[in-house]
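Visitor: I should like to learn how the features of a structural model are read, one at a time.
Guide: Let us then take a single residue as the point of entry and widen the view from there.

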Amino acid sequence: MGLGGCIILIAVGAILTFATDWDMQGVNLDLVGVILMIVGLIGVATFSSIARRRRVVVPPTAPVVDEEVRRREY
């Protein structure tokens, strides 16, 4: 799941928790919304830690010079 999917989970969870007043028998939409927001936040944290590891900049090393071995012909 990418960063966009995590943000969508957070948005849908916030809508279910704060912007709806539906009552479904056997389903607590407030709890479902909170769960979706928590899963989205965990996804954002995981994605950002993985992305930070990928962006590690390696300092340049000294250039390697290959010298050709020349044979003397007699």
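**Reading burial, contacts and a helix face**

Guide: Phe 47 counts as partly exposed, because its relative accessibility is 34%, a value that lies between the 20% limit for buried and the 50% limit for exposed. Please bear in mind that this is a predicted model.

Visitor: In which helix is the place of Phe 47?

Guide: Phe 47 belongs to helix H2, which covers residues 29–54. The protein has 2 helices and 0 strands.

Visitor: Which residues make a nonpolar surface patch with Phe 47?

Guide: Leu 3 and Ile 7 join Phe 47 in a nonpolar surface patch of about 250 Å². A residue enters such a patch with over 30% relative accessible area. Leu 3, in helix H1, has 35% relative accessibility and therefore counts as partly exposed. A separation in sequence can also be set beside one in space: Phe 47 and Gly 2 are 45 residues apart along the chain, while their C-alpha atoms are separated by 7.0 Å.

Visitor: How many Å should helix H1 span, and how far apart are its end C-alpha atoms?

Guide: The check uses a rise of 1.5 Å a residue: the 16 residues of H1 (residues 3–18) should span 22 Å, and the end C-alpha atoms are 22 Å apart, which agrees.

Visitor: Which residues of H1 are buried?

Guide: Buried residues in H1 are Cys 6, Gly 13, Leu 16 and Thr 17. Viewed down the axis of H1, the buried residues fall within an arc of 95 degrees, so they line one face of the helix. The face turned away from that buried side carries Ile 8 and Phe 18, which are exposed.

Visitor: With which residues is Leu 16 in contact, leaving aside its neighbours within four places in sequence?

Guide: Those contacts of Leu 16 are with Leu 29, Asp 30, Val 32, Gly 33 and Leu 36. Leu 16 has a relative accessible area of 15% and is therefore buried, the limit being under 20%. From Leu 16 to Leu 31 the C-alpha distance is 8.8 Å, at 15 residues apart in sequence.

Visitor: What do the totals for the protein say about burial, contacts and surface?

Guide: Of its 74 residues, 15% count as buried. Among contacts with a separation of 6 or more, 55% come from residues 24 or more positions apart. The protein exposes about 6,900 Å², of which carbon and sulfur atoms supply 62%.

Key:
Residues are numbered from 1 along each chain as its sequence is written. This is a predicted model: local features need pLDDT of at least 70, side-chain atom pairs count only at pLDDT 80 or more; totals for chains, interfaces and linings use all residues. Side-chain values use heavy atoms; hydrogens and water are left out. Helices (H or I, at least four residues) and strands (E, at least two) are DSSP runs, numbered from the N terminus. The expected span of a helix is 1.5 Å times one less than its number of residues. Buried means under 20% relative accessible area, exposed over 50%, partly exposed in between (1.4 Å probe, protein chains only). The arc is that of the directions from the helix axis to the C-beta atoms. Contact means heavy atoms within 4.5 Å. Accessible areas come from the Shrake-Rupley method with a 1.4 Å probe; for residues, only the protein chains shown count as cover. Patches are made of residues with over 30% relative accessible area and no salt bridge: like charges are joined within 9 Å, nonpolar side chains (Val, Leu, Ile, Met, Phe, Trp, Tyr) within 5 Å. A salt bridge is a side-chain nitrogen of Lys or Arg within 4 Å of a carboxyl oxygen of Asp or Glu.
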